[in-house]
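Here are my notes on the model you sent over, in the order I'd walk through it on screen. Have the structure open while you read.

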Amino acid sequence: MFRRLALAALAPAALGAMFVASPAEAAVVPVASLQADIAKLTNVQRKAKGCGAVAVNAKLTVAARQHSAWMAKTGKFSHTGSAGSSFVTRIKAAGYTKPASENIAWGYRTANEVVNAWMKSPGHRANILNCKAKTVGVGAVYSANGTGYFTQNFGY
(Lines give C-alpha, C1' and ligand atoms only; values in the text may rest on other atoms or scores of the structure.)
Protein backbone atom coordinates (compact mmCIF):
# COMPACT_ATOMS: atom_id res chain seq x y z
CA MET A 1 0.00 0.00 0.00
CA PHE A 2 1.32 3.44 -0.87
CA ARG A 3 1.98 5.43 2.28
CA ARG A 4 2.23 9.14 2.72
CA LEU A 5 3.11 11.56 5.45
CA ALA A 6 3.29 15.28 5.81
CA LEU A 7 4.22 17.83 8.41
CA ALA A 8 3.64 21.39 9.40
CA ALA A 9 5.79 23.43 11.73
CA LEU A 10 4.77 26.62 13.38
CA ALA A 11 6.93 29.40 11.96
CA PRO A 12 8.53 31.53 14.68
CA ALA A 13 6.78 34.60 13.32
CA ALA A 14 3.37 32.90 13.23
CA LEU A 15 2.23 31.62 16.10
CA GLY A 16 -12.09 10.11 24.87
CA ALA A 17 -14.26 9.44 22.21
CA MET A 18 -12.88 7.38 19.37
CA PHE A 19 -13.55 8.41 15.78
CA VAL A 20 -13.82 5.30 13.65
CA ALA A 21 -15.26 5.29 10.16
CA SER A 22 -15.55 1.51 9.98
CA PRO A 23 -16.14 -0.60 13.13
CA ALA A 24 -14.98 -3.73 11.32
CA GLU A 25 -11.62 -2.16 10.60
CA ALA A 26 -11.31 -0.74 14.12
CA ALA A 27 -11.11 -4.29 15.43
CA VAL A 28 -7.80 -4.72 13.57
CA VAL A 29 -5.94 -2.25 15.82
CA PRO A 30 -7.94 -0.55 18.59
CA VAL A 31 -7.76 3.20 18.01
CA ALA A 32 -7.20 4.22 21.63
CA SER A 33 -4.34 1.73 21.95
CA LEU A 34 -2.82 2.88 18.66
CA GLN A 35 -2.92 6.53 19.74
CA ALA A 36 -1.36 5.73 23.13
CA ASP A 37 1.36 3.64 21.47
CA ILE A 38 2.23 6.48 19.07
CA ALA A 39 2.59 8.88 22.02
CA LYS A 40 4.70 6.33 23.92
CA LEU A 41 6.99 5.68 20.95
CA THR A 42 7.33 9.41 20.37
CA ASN A 43 8.63 9.74 23.92
CA VAL A 44 11.05 6.84 23.38
CA GLN A 45 12.52 8.74 20.43
CA ARG A 46 12.64 12.01 22.37
CA LYS A 47 14.37 10.39 25.35
CA ALA A 48 16.94 8.71 23.09
CA LYS A 49 17.87 12.11 21.68
CA GLY A 50 18.00 13.93 25.02
CA CYS A 51 14.56 15.60 25.04
CA GLY A 52 12.09 15.38 27.87
CA ALA A 53 8.88 13.43 27.45
CA VAL A 54 5.80 15.18 26.11
CA ALA A 55 2.63 14.76 28.14
CA VAL A 56 -0.54 13.65 26.38
CA ASN A 57 -2.95 16.59 26.36
CA ALA A 58 -6.70 16.09 25.98
CA LYS A 59 -7.23 19.30 23.98
CA LEU A 60 -4.47 18.45 21.51
CA THR A 61 -5.90 14.94 21.25
CA VAL A 62 -9.33 16.33 20.37
CA ALA A 63 -7.82 18.52 17.64
CA ALA A 64 -5.76 15.59 16.28
CA ARG A 65 -8.70 13.15 16.31
CA GLN A 66 -10.99 15.62 14.60
CA HIS A 67 -8.48 16.30 11.83
CA SER A 68 -7.81 12.58 11.30
CA ALA A 69 -11.57 11.96 11.19
CA TRP A 70 -11.99 14.72 8.60
CA MET A 71 -9.22 13.26 6.43
CA ALA A 72 -10.67 9.74 6.75
CA LYS A 73 -14.16 10.94 5.87
CA THR A 74 -13.14 13.11 2.91
CA GLY A 75 -10.17 11.10 1.66
CA LYS A 76 -8.14 14.31 1.64
CA PHE A 77 -4.63 14.17 3.01
CA SER A 78 -3.62 17.68 3.96
CA HIS A 79 -2.70 20.02 6.77
CA THR A 80 -5.48 22.23 5.45
CA GLY A 81 -8.64 20.86 7.00
CA SER A 82 -12.35 21.50 7.24
CA ALA A 83 -13.34 25.02 6.12
CA GLY A 84 -9.71 25.78 5.25
CA SER A 85 -8.47 25.34 8.82
CA SER A 86 -4.78 25.11 9.70
CA PHE A 87 -3.34 23.09 12.55
CA VAL A 88 -2.97 26.33 14.50
CA THR A 89 -6.64 27.24 14.13
CA ARG A 90 -7.77 23.67 14.92
CA ILE A 91 -5.62 23.46 18.04
CA LYS A 92 -6.75 26.86 19.29
CA ALA A 93 -10.40 25.98 18.54
CA ALA A 94 -9.93 22.92 20.78
CA GLY A 95 -8.88 25.29 23.59
CA TYR A 96 -5.10 24.86 23.50
CA THR A 97 -3.36 28.24 23.28
CA LYS A 98 0.25 27.38 22.36
CA PRO A 99 0.38 25.19 19.22
CA ALA A 100 3.83 24.02 18.10
CA SER A 101 3.60 21.71 15.09
CA GLU A 102 1.72 18.91 13.37
CA ASN A 103 2.63 15.63 11.69
CA ILE A 104 0.18 13.67 9.54
CA ALA A 105 0.39 10.28 7.87
CA TRP A 106 -1.88 7.74 6.18
CA GLY A 107 -1.81 4.14 5.11
CA TYR A 108 0.14 2.67 8.01
CA ARG A 109 -1.14 -0.14 10.26
CA THR A 110 0.90 0.08 13.45
CA ALA A 111 2.25 2.72 15.78
CA ASN A 112 5.79 1.52 15.03
CA GLU A 113 5.26 2.02 11.30
CA VAL A 114 3.92 5.56 11.77
CA VAL A 115 6.62 6.74 14.19
CA ASN A 116 9.42 5.06 12.20
CA ALA A 117 8.23 6.79 9.01
CA TRP A 118 8.09 10.16 10.76
CA MET A 119 11.60 9.63 12.17
CA LYS A 120 12.93 8.95 8.64
CA SER A 121 11.56 12.28 7.40
CA PRO A 122 13.68 15.31 8.37
CA GLY A 123 10.74 17.65 9.02
CA HIS A 124 8.70 15.13 11.00
CA ARG A 125 11.76 14.14 12.95
CA ALA A 126 12.40 17.81 13.80
CA ASN A 127 8.84 18.14 15.13
CA ILE A 128 9.18 15.02 17.28
CA LEU A 129 12.61 16.05 18.56
CA ASN A 130 11.73 19.67 19.28
CA CYS A 131 12.77 19.70 22.93
CA LYS A 132 10.74 22.88 23.50
CA ALA A 133 7.47 20.97 22.87
CA LYS A 134 5.85 19.93 26.16
CA THR A 135 2.59 18.26 25.11
CA VAL A 136 1.22 15.99 22.39
CA GLY A 137 -2.14 14.80 21.10
CA VAL A 138 -2.56 11.90 18.68
CA GLY A 139 -5.53 11.07 16.49
CA ALA A 140 -5.84 7.75 14.63
CA VAL A 141 -8.92 7.09 12.50
CA TYR A 142 -9.79 4.43 9.93
CA SER A 143 -11.67 5.38 6.79
CA ALA A 144 -14.55 3.27 5.51
CA ASN A 145 -12.12 1.31 3.31
CA GLY A 146 -9.80 0.60 6.26
CA THR A 147 -7.09 3.17 5.53
CA GLY A 148 -5.56 4.64 8.67
CA TYR A 149 -5.20 8.42 8.97
CA PHE A 150 -2.93 9.82 11.68
CA THR A 151 -2.44 13.28 13.16
CA GLN A 152 0.10 14.22 15.81
CA ASN A 153 -0.18 17.71 17.31
CA PHE A 154 2.49 19.23 19.54
CA GLY A 155 2.15 22.14 21.94
CA TYR A 156 4.45 24.38 23.93
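1. Is strand β3 (residues 99-106) largely enclosed or exposed? Eight of the eight residues in β3 are buried, so the rest of the structure largely encloses this strand. Keep in mind that this is a predicted model.

2. Some context on the fold. There are six helices and five strands, and reading from the N terminus the order is β-α-α-β-α-α-β-α-α-β-β. Of the protein's 156 residues, 50% count as buried.

3. Back to β3 and its partner. Strand β5 (residues 148-155) runs antiparallel to β3, and seven bridges join the two. Within that pairing, E102 stands opposite N153 of β5. As a reminder, side chains in a regular strand alternate between the two faces of the sheet.

4. E102 deserves a stop. E102 is buried, at 0% relative accessibility, and its side chain meets that of R90 in a salt bridge, with 3.0 Å from N to O. R90 sits in helix α4 (residues 87-93) and E102 in strand β3, so the pair ties together parts that are twelve residues apart in sequence. How many salt bridges does a search of the whole structure find? The search turns up one. R90 has a relative accessible area of 11%, so R90 counts as buried too, the cut-off being under 20%. The general idea is familiar: side chains of opposite charge can pair when their charged atoms come close.

5. Next, H67, which belongs to helix α3 (residues 58-74). H67 is buried, with a relative accessible area of 1%, and its side chain reaches the backbone oxygen of S78 at 2.7 Å. Setting aside neighbours within four places in sequence, H67 is in contact with both salt-bridge residues, R90 and E102. Its other contacts on that list are S78, H79, T80, G81, I104 and T151.

6. T151 picks up the thread from the β5 side. This residue is found in strand β5 and is buried, at a relative accessible area of 0%. What does the side chain of T151 make a polar contact with? The partner is the side chain of S68, at 2.8 Å. Beyond neighbours within four places in sequence, T151 is in contact with A64, H67, S68 and M71, with E102, N103 and I104, and with G137, V138 and G139.

7. M71 is another α3 residue to click on. M71 counts as buried, with 0% relative accessibility. Outside its neighbours within four places in sequence, M71 is in contact with K76, F77 and S78, with I104, and with Y149, F150 and T151. One distance to check on your side: the C-alpha atoms of M71 and G81, ten residues apart along the chain, are separated by 7.7 Å.

8. Now the nonpolar packing. The largest nonpolar core has 23 residues, and L34, I38, V114, W118, F150 and F154 touch the most other members. Elements giving two or more residues to this core are α2 (31-48), β3, α5 (111-120), β4 (135-142) and β5. Which element supplies the largest share? That is α5, with six residues. Apart from this core lies another, of nine residues, including A69, W70, F77 and Y149. In soluble globular proteins, nonpolar side chains tend to be buried together.

9. Finally, the cysteines. The disulfide count comes to one: C51 and C131, with their sulfur atoms 1.9 Å apart. The link is left-handed, with -70° about the S-S bond. C51 is in the loop between α2 and β2 (55-56) and C131 in the loop between α6 (122-128) and β4, so this pair ties together parts that are 80 residues apart in sequence. As for burial, C51 is buried at a relative accessible area of 8%, whereas C131 is partly exposed at 37%.

Technical notes
Residues numbered from 1 in each chain as written. Predicted model: local features only at pLDDT ≥ 70, side-chain atom pairs only at ≥ 80, totals over all residues. Heavy atoms only, no water. Buried < 20%, exposed > 50% of the residue type's maximum accessible area, 1.4 Å probe, protein only. Helix = DSSP H or I, 4+ residues; strand = E, 2+ residues; numbered from the N terminus. Pairing = 2+ DSSP bridges. Polar contact = N/O pair within 3.5 Å; in protein donor to acceptor, adjacent residues only side chain to side chain. Contact = heavy atoms within 4.5 Å. Core = buried A, V, L, I, M, F, W, Y, C linked by side-chain atoms within 4.5 Å. Disulfide = S-S within 2.5 Å.
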